[in-house]
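Reader: I'm new to this structure, and I'd like a close look at one part of it. Could you walk me through a sheet and whatever helps me read it?

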Amino acid sequence: MKKHLLFITSGLFVLGGMFAQTADKCATMPVYQARLQNPISSANFKAADVAAQNWLSNPINKRKASQKTNSIINIPVVVHVVYKNAVQNIPDTQIVRQIQILNECFRLQNSNFSATRPIFDSIGADTEIQFCLATIDPQGNPTTGIIRKSAPTSANFDPILNMDKVKSSATNGDDPWPNTQYLNIWVCDMSIFGFTFVLGYATFPGETAALDGIVIQSEYFGYGASSLAPNNLGRTTVHEVGHFFGMRHIWADDDGGAAALECDSTDFVDDTPNQGAKSASDCNVAINSCSSEMPYWSTIDPPDMVENYMDYSSDGCMTLFTKGQKARMYSYLNTSPARIAIKTSPAACNDVGVKELTTNFNDYVFTFPNPTNDILNINITKFTPANLKCEIYNSHGQVVKTIAQLDFHNSINVDNLSNGLYVVKVYSAELAAVKKITILR
Ligand SMILES: [Ca+2]
Ligand SMILES: [Ca+2]
Ligand SMILES: [Zn+2]
């Protein structure tokens, strides 16, 4: 009873703190602190950390884990969509897109990696970890890897007062699949009193099977609406999956202390610069909060690595995990029983996203507004748009505009084209989508 009271009190305290600011990226640490109140959980987390640290203290392990091995780890994912209304019942395309964003970011194929400052780009890591929607369920039956479950509008899934209720059917959520075979991701509404105060949270290695996985606020899963900027590019899930593999925040959660003390704790990764405080959903490249430090790869005191997925920067700012972070992930993937097991999960795991893209590519291309008069927007939600081209045809079948290289978001000026019906073809060697648009003034 005492423990329970303690948790509620600390929960309210944290909740009060969160209300004082805008939506926070992640509730992983407050949830973790609450879990540490349970002596068994606390011992399990500690055992996982000690085993991982011992593994990483072996220089051979450390060297191998931070290098590229060309051996890919495939993580089968099951997404539990627990919804209270139609909007929260997010479409398959949004889910597939999030899996693709995970793959881009964990495999260093994100198109914004080129924006990484030169001082950091040499330590960016292809973690060689990939994700896919599971194709075999725990009973051995075929599955899309997506479960949809309706919850009453009265259900609360916030991570402080109703922590983990979304993870159990008995409390209006959905039970996890075995964490030895699947990464469980719950997508739900965590708002409380109509206020979205957290975008996601994760469990660290060592968590019990019943709770292991990550939870993401529905509208932030996948490619969110521009109104959700700067958190609309799917990086919340990348950040939370980072926690799932043992990553701590890059600023080591030592915000708020005396200035001299804010640089004295660690994220347990030796190539990420020390950082005194979290970023504020921005991309402040001017900041160097901890001075007089010299990581092994640098000859100068580096600025804060706001490009790191484990900061709270804007989604568009985030571009990398480091080699040291990769090594830390592998230290858990080689020592923590559930993380070891998932590497050889029997849940079949084809690259579902790419397979679906080939037949449904039209669903991944959005042209708007229609009709338009001057600007045509073409948005792509594809794994890598690097090789995508576009041609616009008039009603006589003649090419009137060519774009040699599409990006995720494109604004095409069509004000030199006359009124009429046009066909927009978006294509690569493997994929093709065709959209009809009208130009009308
Ligand atoms: Ca560090
Ligand atoms: Ca520094
Ligand atoms: Zn976090």
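Author: Sure, let's start with an open sheet of four strands, ordered S11-S10-S13-S14 and paired in the antiparallel sense. Strands here are DSSP runs of E with at least two residues, helices are runs of H or I with at least four, and both are numbered from the N terminus. Two strands count as a pair if DSSP finds at least two bridges between them. At the edges sit strand S11 (399-403) and strand S14 (432-439), each pairing on one side only. On average, neighbouring strands of this sheet are turned by 20 degrees against each other, direction ignored; the axes are lines fitted to C-alpha atoms, for helices over the stretch in contact, and angles run from 0 to 180 degrees between N-to-C directions.

A word on how to read all this: it's a predicted model, where local features need pLDDT of at least 70 and side-chain atom pairs count only at pLDDT 80 or more, while totals for chains, interfaces and linings use all residues. Residues are numbered from 1 along each chain as its sequence is written, and chains are lettered from A and ligands numbered from 1 in the order in which they are written.

Now zoom in on one pairing. Strand S10 (residues 389-393) runs antiparallel to S11, and four bridges join them. One residue to find there is Tyr-393, whose bridge partner in S11 is Val-399.

For another example, look at the open antiparallel sheet ordered S8-S9-S12. Its edge strands are S8 (365-368) and S12 (409-413). S8 pairs with strand S9 (residues 375-380) over four antiparallel bridges, and Thr-367 stands opposite Ile-378 in S9.
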